[in-house]
Amino acid sequence: MKANSSLRAILLAFLGASSLAGCNYTLRQDMANQPRQNTLSPSDLFADGRSERQLIDNTVARGSVENDALFVPKDSNAFPLPITQELLQRGQERYNIFCTPCHGLQGNGQGMVAVRGMKHPPSYHQDRLRQEPNGYIYDVVTNGFGAMYGYSAQIPPRDRWAIIAYVRALQLSRNAHVADLPADLREKLMAQGAAK
Amino acid sequence: MAQIFHRSANFLARFSLFGTVVLGGLALTGVLVVARSPYITNERVSRNQPIQFSHKHHVGDEGIDCRYCHTSVESSAYAGIPPTKTCMNCHSVLFNNVGYLEPLRESYRTDQSIQWVKVHRLADYVYFNHSIHINKGIGCSSCHGSINQMPLVFQASPLTMSWCLDCHRNPQANLRPKDQIFNMDWKAPADQEEAGKQLAAEYKLRTTVELTSCSTCHR
């Protein structure tokens, strides 16, 4: 009986030691794991197991009222922000992050994910999309269209407009005339053309 | 009266003094080495995930930008784990009938979160902030390694305090131009020492004294 219990004690000690070694964080001090919720950590408190709570219906998140000014109806061609070089550059950066996987760097619908089997989106350079108003594009980015899901959770409204400005620039890139350029840029272009 | 101890006891007594110091030192060294080894820091240990998500495929092969999924990395402390909907942007169409993505579709159907296993786990008393590092010229791969080559993500750095301080003492060695932050293949150029100094001035980096102050990371 005595031998049995000491054997059990040894076994327990061994198990304890091995669980200590096997567990990732037990060698750290207690305050490494504080009784608090970290971002996106699970929680027993709520039925869905999330510590992150979703917005209750009809609540307005702080700061989101400012976005009201950026809402443009689907059939309106208004553009709610001043178009600047910074906005276009921001638009290019955001476009390259969120849109190129399918729409491609040139907006022709030949992005890598589309090439790998996603439904090919239409090219921005087709006549229909060139004629659509800005509000239509805003609606598609926000709510999705066809196989494309909405991007309202990933792209804040201001960035959506930056992207729209850049998409318009992409469309212009295939339909601009030399005569549209300012004189100095036109001369530069001509000089480059002559050099080649 | 007979001698109690043999003559060799003199040697044994001296040797045991010496041995205590050496063996004790070795034991202490051993503990410190183990504490810094991947066995404790979990460096280079891949974690199994509820879905065997491959960053190599999505980043390396498809070229998807980090921020497509980790949307809050530039603006918040936390880089953000994408909601199931972000996966469904593509996987509503692509691989939408394969078995290994069933947990994804189930999550989307039932509105239950997928419980991903955290790979980079800092102690709760460290107040790490992604956005300040991104906005001050530290690229993803400086800490996370070549994520674009990892089928399953592992921690590429020890994440020990001394490792953090190595960079906080000399951030110039790792500063990048703004357009290279999300480049997974960035290598420091030959003139990094000079370029780093310029970037540090451009980003208005704080002094080493401030960067290594306790309250910069602990509050």
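**Figure 1. Ala176(A) sits in the loop between α7 and α8 (183–195) of chain A.** The model shown here and in the views that follow is a predicted one. Is Ala176(A) buried or exposed? Ala176(A) is exposed, because just 11 other C-beta atoms lie within 10 Å, and 12 or fewer is the cut-off for that class. For a sense of scale, try Ser64(A) as a second landmark: it is 112 residues away from Ala176(A) along the chain, and the two C-alpha atoms are separated by 37 Å.

**Figure 2. Helix α2(A) packs against helix α7 (residues 157–173) of chain A.** Two packed helices are described by the angle between their axes and the distance between the axes. Here the angle is about 95 degrees and the axes are 7 Å apart. That angle makes α2(A) roughly perpendicular to α7(A), because values from 65 to 115 degrees fall in that class. Which residues of α2(A) take part? On that side are Leu87(A), Leu88(A), Arg90(A), Gly91(A), Gln92(A), Arg94(A) and Tyr95(A). They meet Asp159(A), Ala162(A), Ile163(A), Ala165(A), Tyr166(A), Val167(A) and Ala169(A) of α7(A). Sorted by class, this helix contact comprises nine nonpolar, two polar and three charged residues.

**Figure 3. The largest nonpolar core has 25 residues.** In soluble globular proteins, nonpolar side chains tend to be buried together. The members with the most contacts inside this core are Phe98(A), Val141(A), Ile163(A), Ile164(A), Tyr166(A) and Val167(A). Which elements each supply at least two residues? From chain A these are α2, α6 (134–143) and α7, and from chain B there is α4 (66–69). The largest share, eight residues, belongs to α7(A). If you follow Ile164(A) and leave aside its neighbours within four places in sequence, you reach its contacts Asn134(A), Ile137(A) and Tyr138(A). Another core, of seven residues, lies apart from the largest one, and includes Cys66(B), Val73(B), Cys140(B) and Ile181(B).

**Figure 4. Chain A and chain B meet in a contact that takes 28 residues from chain A and 25 residues from chain B.** On the side of chain A that touches chain B, α2 (85–98) and α4 (112–115) of chain A each supply at least two residues. Which element gives the most to that side? It is α2(A), with three residues. By class, the residues on this side of chain A divide into 14 nonpolar, eight polar and six charged.

**Figure 5. Chain A contains eight helices and two strands.** Along the sequence, these elements of chain A follow the pattern α-α-α-α-α-α-β-β-α-α. How many of the 196 residues count as buried? The share is 19%. Among contacts in chain A with a separation of 6 or more, 51% come from residues 24 or more positions apart.

**Figure 6. Ile114(B) lies in the loop between α6 (102–110) and α7 (130–135) of chain B.** Ile114(B) counts as partly exposed, because 18 other C-beta atoms lie within 10 Å, while a buried residue needs 20 or more. Follow the chain from Ile114(B) to Pro50(B) and you cover 64 residues in sequence, yet the C-alpha atoms of the two are 7.3 Å apart in space. Which residues does Ile114(B) contact, leaving aside its neighbours within four places in sequence? They are Pro50(B), Ile51(B), Thr84(B), Pro103(B), Leu104(B) and Ser107(B). For wider orientation, chain B is divided into domain 1 (8–36) and domain 2 (72–79 + 119–217). The C-alpha centres of these two domains of chain B lie 40 Å apart.

**Figure 7. Leu40(A) and Arg44(B) are each shown with a positive phi.** Most residues other than glycine have a negative phi, and most peptide bonds are trans. Leu40(A) is not a glycine, yet its phi is positive, at about 60 degrees. Leu40(A) belongs to the loop between α1 (2–22) and α2 of chain A. Leu40(A) is partly exposed, because it has 16 C-beta neighbours inside 10 Å. Where is Arg44(B) placed? Arg44(B) lies in the loop between α2 (38–41) and α3 (55–61) of chain B. The phi of Arg44(B) is positive and near 60 degrees. With 12 other C-beta atoms within 10 Å, Arg44(B) is exposed.

Definitions and conventions:
Residues numbered from 1 in each chain as written. Chains lettered and ligands numbered in written order. Predicted model: local features only at pLDDT ≥ 70, side-chain atom pairs only at ≥ 80, totals over all residues. Contact = placed C-beta atoms within 7 Å. Helix = DSSP H or I, 4+ residues; strand = E, 2+ residues; numbered from the N terminus. Nonpolar A, V, L, I, M, F, W, Y, C, P; charged D, E, K, R; others polar. Domains from an automatic or database assignment. Axes fitted to C-alpha atoms, helices over the stretch in contact; angles between N-to-C directions. Parallel < 35°, antiparallel > 145°, perpendicular 65-115°, else oblique. Core = buried A, V, L, I, M, F, W, Y, C linked by C-beta atoms within 7 Å.
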